[in-house]
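Let's take a walk through a protein together. Have a look at the sequence and the 3D picture, and then we'll go through it piece by piece.

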Amino acid sequence: STITPPSRYSFLFRYQNASAPGTVAVQKPFSISNAASDYDVSFCWDHTSSPRTLFHRRAAGAYDQVTIPPGVLTSNTDYSIGGRYDGSQISIFVDGVLQSSAAAGDPTASVSPTIAALAGSAGTANFDDGTISDFGVWNAALTDDEFLSHGRGYTCEQIRPQSLLVAWPLIREYVPT
């Protein structure tokens, strides 16, 4: 899906990977980016330098990032993974529990980013071999309680539906229209 880039955003998805973070080159289950990567929000399960990390590209071009502490994620386990930008901080959640936050600037106001699941920037490279389901992106900063709701089993479509940009249940082959 191509969207107008949100200045405030949240994302949630359920994810499982057979590889432990830090053991393969790049595994990127989620990104919102464009081909030039001047708009880029992505979560890397694994990355050559920063596994378990949410990357957020500022309008100035530098990246802000937050990382889930080592030992929180393991292989072959289903997790609710979420992230948000509230206008001043980026935060990352696992099973509805805040893991890390950091100051961040506004993302670039680039045009036509693409939402991608199990693929690299703009869906072009670094395909992820994990499994993903119940994927959602909001144009708002969800609350801690809303992240906890997903961690306890609520679906993306049940969480602040008025701000939901895209929801993919991903329980079967799915092609967004």
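We'll start with the overall layout, move on to the sheets, and finish with the cores.

Keep in mind that what you're looking at is a predicted model. The protein chain has 177 residues, and 48% of them are buried. Its secondary structure comes to 1 helix and 11 strands. If you follow the chain from the N terminus, you run through ten strands, then the helix, and then one last strand.

So how are those strands arranged? Here's some background: strands of a sheet pair through backbone hydrogen bonds, either parallel or antiparallel. One open sheet here has 6 strands in the order E8-E7-E6-E1-E10-E11, and the pairing is antiparallel. At its edges stand E8 (97-103) and E11 (164-168); each has a single partner strand, so one side of each is left without a neighbour in the sheet. From one strand to the next, the twist averages 15°.

Zoom in on one pair from this sheet. Strand E1 (residues 9-16) and strand E10 (residues 131-138) run antiparallel and are joined by 6 bridges. If you'd like a spot to find on screen, Ser 10 stands opposite Trp 138 in E10.

Now for another open sheet, with 5 strands in the order E5-E4-E3-E2-E9 and antiparallel pairing. Strand E5 (63-67) and strand E9 (114-117) are the edge strands, each pairing on one side only. Neighbouring strands of this sheet are turned by 15° against each other on average, direction ignored. Within it, strand E2 (residues 30-33) pairs with strand E3 (residues 40-44) in the antiparallel sense over 4 bridges, and Ser 31 stands opposite Ser 42 in E3.

What about the nonpolar cores? The largest one has 27 residues, and the members that touch the most others are Phe 11, Phe 13, Phe 30, Phe 43, Phe 135 and Val 137. Strands E1, E2, E3, E6, E7, E10 and E11 each supply at least two residues of this core. E1 gives the largest share, with 4 residues.

Try clicking on Val 137. Not counting residues up to four places away in sequence, Val 137 touches several residues, among them Phe 11, Phe 30, Ile 115 and Leu 165. There's also a second, separate core of 7 residues, including Leu 142, Phe 147, Cys 156 and Ile 159.

Finally, step back to the whole chain. Among contacts with a separation of 6 or more, 62% link residues 24 or more positions apart.

Conventions: Residues numbered from 1 in each chain as written. Predicted model: local features only at pLDDT ≥ 70, side-chain atom pairs only at ≥ 80, totals over all residues. Heavy atoms only, no water. Pairing = 2+ DSSP bridges. Axes fitted to C-alpha atoms, helices over the stretch in contact; angles between N-to-C directions. Buried < 20%, exposed > 50% of the residue type's maximum accessible area, 1.4 Å probe, protein only. Contact = heavy atoms within 4.5 Å. Core = buried A, V, L, I, M, F, W, Y, C linked by side-chain atoms within 4.5 Å.
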